[in-house]
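Reader: Please take me through one part of this model in detail, and then connect that part to the rest of the chain. I would like the reasoning spelled out where a cut-off decides the wording.

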Amino acid sequence: MPSRTLDVPAVPAAPPGPPDRAVPRIVPRRRTGQWAAAAVLLALLALALASAVRNPAFQWDVVADYFLTPAVLRGLGLTLWLTAVVMMLGFALGTLLAVLRLSGNPVLRGIGRGYVWLFRSMPILVQLLFWFNIGALYPVVLGVRTVDLLSPAAVAVIGLTLHEAAYAAEVVRGGILSVDRGQSEAAQALGLGAGRRLRRIVLPQAMRSILPPAGNMLIGTLKGTSIVSVIAVQDLLYSVQLVYHRTYQVIPLLLVATLWYVLVTSVLGAGQYFVERHYARGTAGAR
């Protein structure tokens, strides 16, 4: 039987491809202007530091002598105590005011709005002087003379707390409004009361929005406590003023106060970073 061959059609050859081309190399853009500006700023900073170190008028030896003296440390301690007390009381009152401002009752809403309007409109120095002279309006309170009831430190706490509460109320209100309304509605559907919804559901989520401005308020309050020196509260600034009024070494004593403020605010800023990172876990803001 004759064999049969199977004719397989020839496969056409592939057309020749384009010649190989080298992959273009991405070259970063040269930012000559930015580097030149950075170099100029660094040179100016170096000149400023050299001037501060070499200028004998700064009297760095005097700064070193007074930096850790008991009087300065007592003033620093009072400044830190005053900052902590004012922030705790201010945010406690501010949270209450924020709840009033978000209330469905128009009277409560008006009281909260009126408080914020009034105390944000008055300069803090005016408030301190007003409370310091409150005895002119009410000489006796609860059978006790007002001047005996309110010491300068108590006046500082009252004035600063009422001032900070107005700003804290807006910070807390903004944080509460940043929480999705569905979270509160879901908690309400589970039978949680209004107070429990606020404490367990809303405020923990609002902390991500509250913490950055609250941290700025904390640092601002620390520096703002220096204003209580006008009513003879022996904070850090008043303590160094007592010294330079006696020794006439104004610049080095002011540098002592400045260095302590810079040191404490730096520590608070670092703490703020880690607290913010803790509350930003699981979000795009975590870093």
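Author: A232 sits in the loop between α9 (194–224) and α10 (236–247), and in this predicted model its backbone has a positive phi of about 65 degrees although A232 is not a glycine. That deserves a second look because most residues other than glycine have a negative phi. The relative accessibility of A232 is 42%, so the residue counts as partly exposed, a label that covers values between 20% and 50%.

Following the chain through α10 brings us to the loop between α10 and α11, where Y248 is found. Y248 also has a positive phi, of about 65 degrees, and is likewise not a glycine. Its relative accessible area is 69%, which means that Y248 is exposed, since that word is used for values over 50%.

Beyond that loop comes helix α11 (residues 250–279), which carries W260. Which residue does the ring of W260 stack with? The partner is F67: the two ring centres are 4.5 Å apart and the planes meet at 5 degrees, so the pair is stacked, because planes under 30 degrees apart fall into that class. F67 belongs to the loop between α2 (60–66) and α3 (70–101), and the pair therefore links distant parts of the chain, 193 residues apart. W260 has 10% relative accessibility and counts as buried, whereas F67, at 21%, counts as partly exposed. A search of the whole structure finds five aromatic pairs, this one among them.

The helix that follows the loop of F67, α3, leads to a set of charged side chains. The structure holds two salt bridges, and in one of them the side chains of R101 and E170 meet at 2.6 Å, N to O. R101 lies in helix α3 and E170 in helix α7 (residues 152–178), so this pair ties together parts that are 69 residues apart in sequence. R101 counts as buried, with a relative accessibility of 14%. E170 also meets R173 in a salt bridge, here at 3.0 Å, N to O; these two residues are three apart in helix α7, so about one helical turn separates them. R173 counts as partly exposed at 22% relative accessibility. Through shared partners, the salt bridges join R101, E170 and R173 into one network.

Helix α7 also holds A166, which has 0% relative accessibility and so counts as buried. Leaving aside residues up to four places away in sequence, A166 touches Y115, V116, F119 and R120. For R120, the separation from A166 is 46 residues in sequence, while their C-alpha atoms are 6.2 Å apart in space.

Lastly, there is a surface feature to set beside these buried residues: V40, L41, L44 and L47 make a nonpolar surface patch of about 420 Å². V40, one of its members, has its place in helix α1 (residues 32–54) and is partly exposed, with a relative accessible area of 47%.

Note on methods:
Residues numbered from 1 in each chain as written. Predicted model: local features only at pLDDT ≥ 70, side-chain atom pairs only at ≥ 80, totals over all residues. Heavy atoms only, no water. Phe/Tyr/Trp six-rings, centres within 6.5 Å; stacked < 30°, edge-to-face > 60°. Helix = DSSP H or I, 4+ residues; strand = E, 2+ residues; numbered from the N terminus. Buried < 20%, exposed > 50% of the residue type's maximum accessible area, 1.4 Å probe, protein only. Salt bridge = Lys/Arg side-chain N within 4 Å of Asp/Glu carboxyl O. Patch = residues over 30% accessible without salt bridge, like charges linked within 9 Å, V, L, I, M, F, W, Y side chains within 5 Å. Areas by Shrake-Rupley, 256 points an atom, 1.4 Å probe, with all protein chains shown as cover. Contact = heavy atoms within 4.5 Å.
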